[in-house]
Amino acid sequence: ESPAPAARLVHHAEQAGDGNTVLQWAPLAADQAASLGAHREAAAHYATALHHADLLPDARRVDLFEQRSYECYLTGQVPEGIAAREAALALWRAAGNRLKEGDTLRWLSRLAWANGQKADAEARATEAVEILETLPPGRELAMAYSNRSQLHMLAGDGAPALRWGRKAIDLATALGDSEILGHALNNVGT
């Protein structure tokens, strides 16, 4: 019912070196912390879980890396977010999942920009679009287009910002995805 018991169980399991119990309770403690707006605490719980991630199958590990990356992004722990997302990218590539690889590259683009790495952000954005355009169009591609638009908008490059933004708007509209549509409209409007 309350986040305190899960967090306490994680703490004691970690101190006892009980990786299985940490993995049972840390994601729950992280979810509870995030739901309360305690995103730094959530990121810390995911980090604790990842200390024992070798006990998990790749599909579960990649989920923990992605969740940690997101919580780090929300709390300005961008280098840690990049490291977690890079680990997820390696797992998606090993699994041959091109859709997740492309979407993860898009995330890495956003994180690189937040970390002041403009050239890396642009390279990751380009690679994401190149991969995702080889697959059936979906929300991942729409967001990758909007990400390219945003990068150009932030750099003051109006024409490419509009071109990528319109592609994102068209695909988001076709998909009925209002979240991505709003993101793209903000880029184009700005």
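**Exercise 1. Determine which residue follows α9 and what the sign of its phi is.**

Solution. In this predicted model, α9 gives way to Gly176, a residue with a positive phi, near 70°. The helix that ends there has 18 residues. From its first C-alpha to its last, α9 reaches 25 Å, close to the 26 Å expected at 1.5 Å a residue.

**Exercise 2. Identify the buried residues of α9 and the elements that cover them.**

Solution. Step one is to list the buried positions of α9: Pro160, Ala161, Trp164, Gly165, Ala168, Ile169, Leu171 and Ala172. Step two is to find their cover, which includes α7 (118-132), α8 and α10.

**Exercise 3. Establish how the buried residues of α10 are arranged about its axis, and what lies on either side of the helix.**

Solution. Begin with the extent of the helix. Helix α10 runs over residues 178-189, has twelve residues and reaches 16 Å between its first and last C-alpha atoms, close to the 16 Å expected at 1.5 Å a residue. At its start, the backbone nitrogen of Glu179 has a side-chain oxygen of Asp177 within 3.2 Å.

Next, select the buried residues of α10, namely Ile180, His183, Ala184 and Asn187. Viewed down the axis of α10, these buried residues fall within an arc of 90°, so they line one face of the helix. The general geometry is instructive here: an α-helix has 3.6 residues a turn, so residues three or four places apart point the same way.

Finally, consider the two sides. The buried residues of α10 pack against α6 (98-114), α8 (139-154) and α9 (158-175). On the face turned away from the buried side are the exposed residues Ser178, Asn186 and Gly189.

**Exercise 4. Classify Val188 as buried, partly exposed or exposed, and list its contacts beyond four places in sequence.**

Solution. Val188 belongs to helix α10. Its relative accessibility is 23%. Buried requires a value under 20% and exposed a value over 50%, so Val188 counts as partly exposed.

For the contacts, residues up to four places away in sequence are set aside; Val188 then touches Ala161, Leu162, Gly165, Arg166 and Ile169. A further spatial relation involves Met153: it is 35 residues from Val188 along the chain, and the two C-alpha atoms are separated by 7.8 Å.

**Exercise 5. Carry out the corresponding analysis for Leu151 and for Asp103.**

Solution for Leu151. This residue lies in helix α8. At 10% relative accessibility, Leu151 counts as buried. With neighbours within four places in sequence left aside, its contacts are Ser109, Trp113, Ala121, Glu122 and Ala125. For the pair Leu151 and Glu122, the separation is 29 residues in sequence and 7.3 Å in space, C-alpha to C-alpha.

Solution for Asp103. This residue is part of helix α6. Its relative accessible area is 17%, so Asp103 is buried. The side chain of Asp103 forms a polar contact of 3.1 Å with the side chain of Arg106. When residues up to four places away in sequence are not counted, Asp103 touches Leu132 and Glu140.

**Exercise 6. Describe the largest nonpolar core, and state which element gives the most to it.**

Solution. The largest nonpolar core has 22 residues, and Leu64 and Phe65 have the most contacts inside it. The elements that contribute two or more residues to this core are α1 (3-16), α2 (19-35), α3 (39-50), α4 (58-74) and α5 (78-95). Of these, α2 gives the most, with six residues.

The surroundings of Phe65 may then be examined: not counting residues up to four places away in sequence, Phe65 touches Leu50, Ala84, Ala87, Ala88 and Leu91. Apart from this core lies another, of 14 residues, among them Ala142, Tyr145, Ile169 and Ile180.

**Exercise 7. Summarise the secondary structure, dimensions, burial and surface of the chain.**

Solution. First, the secondary structure comes to ten helices and zero strands. Second, the C-alpha trace spans about 55 × 35 × 30 Å along its principal axes. Third, 46% of the 190 residues count as buried. Fourth, among contacts with a separation of 6 or more, 53% are between residues 24 or more positions apart. Last, the accessible surface of the chain is about 9,300 Å², and 52% of that surface belongs to carbon and sulfur atoms.

Conventions
Residues numbered from 1 in each chain as written. Predicted model: local features only at pLDDT ≥ 70, side-chain atom pairs only at ≥ 80, totals over all residues. Heavy atoms only, no water. Helix = DSSP H or I, 4+ residues; strand = E, 2+ residues; numbered from the N terminus. Expected span 1.5 Å × (residues − 1). Buried < 20%, exposed > 50% of the residue type's maximum accessible area, 1.4 Å probe, protein only. Arc of directions from axis to C-beta. Contact = heavy atoms within 4.5 Å. Polar contact = N/O pair within 3.5 Å; in protein donor to acceptor, adjacent residues only side chain to side chain. Core = buried A, V, L, I, M, F, W, Y, C linked by side-chain atoms within 4.5 Å. Areas by Shrake-Rupley, 256 points an atom, 1.4 Å probe, with all protein chains shown as cover.
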